[in-house]
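Me: I'm new to this structure and would like a close look at a single part, the place where two helices pack against each other. Could you walk me through it, starting with the chain around it?

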Amino acid sequence: MSIFFTLLRRELSSFFFSLTGYVIVAAVTLLTGLSFVVLVQTLQTDPSPMPVTEMFYLSFYFWLILLLVSPVITMRLFALEKASGTFETLMTTAVGDLQVVLAKFTAAVVFYLIAWLPLLACLFIIQHYARQNGALDPGTLYGMYLGIFLTGCLFLSLGGFASALTRNQMTAATISFAGGVGLFSLAYLARNATDAGGWQAQVLACFNLFDQMHDFARGVVDTRAVIFYASTTFLFLFLTLRVVESRRWK
Amino acid sequence: MIEVFNLTKRYAGRTAVDDISFTVARGEIVGLLGPNGAGKSTTMRVLSGFMPATSGTVRVAGFDVFHDSEETRRRIGYMPENNPLHPEMRVREYLKFRARLKGLGWKKSRARVTTVMEQCGLAEVGRRVIGQLSKGYKQRVGLADALVHDPELIILDEPTIGLDPQQIRSVRALIKSLAGRHTVLISTHILPEVEMMCGRVLIMFDGRVLASDTPENLQRRMAGGSQVIAEIAAPLEALRAAWENLPAVAQFDVAPGEGEFFRCALTPRDGHDLRPQIFNLVQTNGWSLRELTRSRHSLEDIYMQVTKPTTEEVE
């Protein structure tokens with residue numbers, strides 16, 4: 001266990017030692033800031049009964065952040081170590097493959113959540129000036145962050161998998177971006193699909209990320225969505241583990 | 001300490017290591033010598049547990065490197081080729097991180113890091129960022145990393161590559177100081193290095209081990225065929241007759257040298273040392289002798305000789 005925390009600490013600190021880490025935080029802050037400005041402007045002209053979190057979600061910035069930022073966070077996880085050769089020194093110590101995969105994934109998730117913190121400040125500012133308790137209640141806030149966390153896990157595990165496949169960071173980022181866009185397109189299809197019925201439609205409905213996230217942003221936690229995100233995340237983590245192990249049977 | 005039996009490693013159709021077997025005893029310093037692409041690094045990667053063998057068994061300290069991977073990895077300090085490090089970390093921080101990864105407790109890792117930093121002459125750069133260190137210091141950081149968990153076996157892949165002569169000397173001295181306490185396996189393609197550091201040499205070429213012996217024995221084995229060069233001023237016919245009458249001379253070649261001197265290249269029979277006989281011969285005949293040398297085969301010759309036939313086969 002202590003090896004896991006040693007690895008986690010090193011992975012996290014490497015985000016802050018690299019310029020990329022700060023660029024990511026700056027980019028997320030910029031995008032949340034932009035959405036904040038848009039939100040305030042709309043509220044000025046026509047007041048809305050929606051919770052602030054839901055309004056934020058309905059601006060497209062959320063998906064933009066997710067699609068653009070998760071590949072950048074995850075691209076270096078394995079690819080950089082493979083390219084520099086430190087992967088070899090890492091895997092010849094007493095660490096296990098699973099420990100490495102989990103530590104890298106956890107570090108990416110923690111960093112991702114840190115990057116989302118400025119949003120919290122924006123939400124509180126709005127609530128402060130709206131002077132309405134309904135604008136931001138703890139339930140919707142938790143729901144929103146749970147949604148951010150779960151979608152993040154899915155996209156980051158996908159990115160981690162992409163990074164394990166290659167030793168080139170740009171390739172890793174491209175693969176995970178393509179994967180993200182693929183998921184996004186599926187979600188789009190799922191939302192606009194007519195109720196055709198049948199198992200295909202049901203499977204497709206699981207990929208309806210938009211409505212799922214919309215529910216989270218309203219403070220509605222749907223178990224189906226939670227299970228969907230958790231299982232897809234596990235799938236990608238499992239695949240990553242297999243890729244890391246693959247050097248043993250290649 | 002190391003037992004390798006019929007190790008073969010194939011990468012996508014190419015055989016990097018072809019059915020090699022060797023053993024290394026505890027406390028030995030063994031050099032793996034061979035040109036680039038001979039399979040040295042692959043052998044070391046299999047030994048270190050980074051990748052498995054295609055076939056064959058490899059044991060370190062009695063544990064199988066594949067089946068008891070973790071047990072063996074705890075006992076090995078491995079420095080890969082090109083010594084990869086995390087450039088953004090500080091020396092002390094990096095070594096502590098590595099010590100923790102190798103399963104040392106918090107207190108133990110602190111103590112060990114201090115010890116190896118002194119051992120490797122890193123005490124004064126502990127707070128420097130690795131990326132800004134000179135190559136020699138980086139190499140020492142890599143060595144300190146390999147030593148930090150006090151492993152029984154230390155595997156160093158080309159530890160002196162890219163260093164200046166001064167740095168090479170200090171790294172060599174450091175490696176030599178590990179003899180006895182640790183078992184060391186070094187790969188290199190620099191010959192004097194093995195002569196200086198290693199108790200035993202394994203010559204690898206094209207995925208196979210071609211020779212395994214002490215550097216001295218290898219030299220002795222070759223000395224049997226070593227020529228004696230003598231430059232003598234004497235009548236040509238008398239010289240030729242003298243060599244023909246000497247039973248210890250297997251072959252001779254006389255070529256005119258400067259002035260009245262002739263340059264004679266003599267190959268002895270059965271490893272005889274011809275020099276005293278030549279001296280006596282010159283003295284009794286009243287000739288003058290200008291040079292008398294036995295060409296001593298360096299490891300370089302042995303290396304060239306051992307690897308040569310195969311090179312031609314390949315071509």
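Reply: Among contacts in chain A with a separation of 6 or more, 80% join residues 24 or more positions apart. Keep in mind that this is a predicted model. Chain A has 13 helices and zero strands, so its elements run α-α-α-α-α-α-α-α-α-α-α-α-α from the N terminus on. As for overall size, a compact globule of 250 residues would have a radius of gyration near 18 Å, and chain A agrees with that at 19 Å. Along the principal axes, its C-alpha atoms fill a box of roughly 60 × 45 × 30 Å. Buried residues account for 39% of the 250 residues in chain A.

Now for the part you asked about. Take helix α7 (residues 97-115) of chain A and helix α9 (residues 138-165) of chain A: their axes come within 10 Å and cross at roughly 135°. That angle is why α7(A) and α9(A) count as oblique to each other. Their crossing is right-handed.

Who does the touching? On the α7(A) side, the contact is made by A:Lys104, A:Phe105, A:Ala108, A:Val109, A:Tyr112 and A:Leu113. Facing them from α9(A) are A:Phe149, A:Gly152, A:Cys153, A:Leu156, A:Ser157 and A:Gly160. Sorted by class, the residues of this contact between α7(A) and α9(A) come out as eight nonpolar, three polar and one charged.

Notes. Residues are numbered from 1 along each chain as its sequence is written. Chains are lettered from A and ligands numbered from 1 in the order in which they are written. This is a predicted model: local features need pLDDT of at least 70, side-chain atom pairs count only at pLDDT 80 or more; totals for chains, interfaces and linings use all residues. Axes are lines fitted to C-alpha atoms, for helices over the stretch in contact, and angles run from 0 to 180 degrees between N-to-C directions. Helices (H or I, at least four residues) and strands (E, at least two) are DSSP runs, numbered from the N terminus. Angles under 35 degrees count as roughly parallel, over 145 as roughly antiparallel, 65 to 115 as roughly perpendicular and the rest as oblique. A crossing is left-handed if the near helix is turned anticlockwise from the far one by less than a right angle, and right-handed if clockwise. Two residues are in contact if their C-beta atoms, placed from the backbone, lie within 7 Å. Ala, Val, Leu, Ile, Met, Phe, Trp, Tyr, Cys and Pro count as nonpolar, Asp, Glu, Lys and Arg as charged, and the others, Gly among them, as polar. The radius of gyration is taken over C-alpha atoms; the globule rule is 2.2 Å times the number of residues to the power 0.38. A residue is buried if 20 or more other C-beta atoms lie within 10 Å of its own, exposed if 12 or fewer, and partly exposed in between; C-beta atoms are placed from the backbone.
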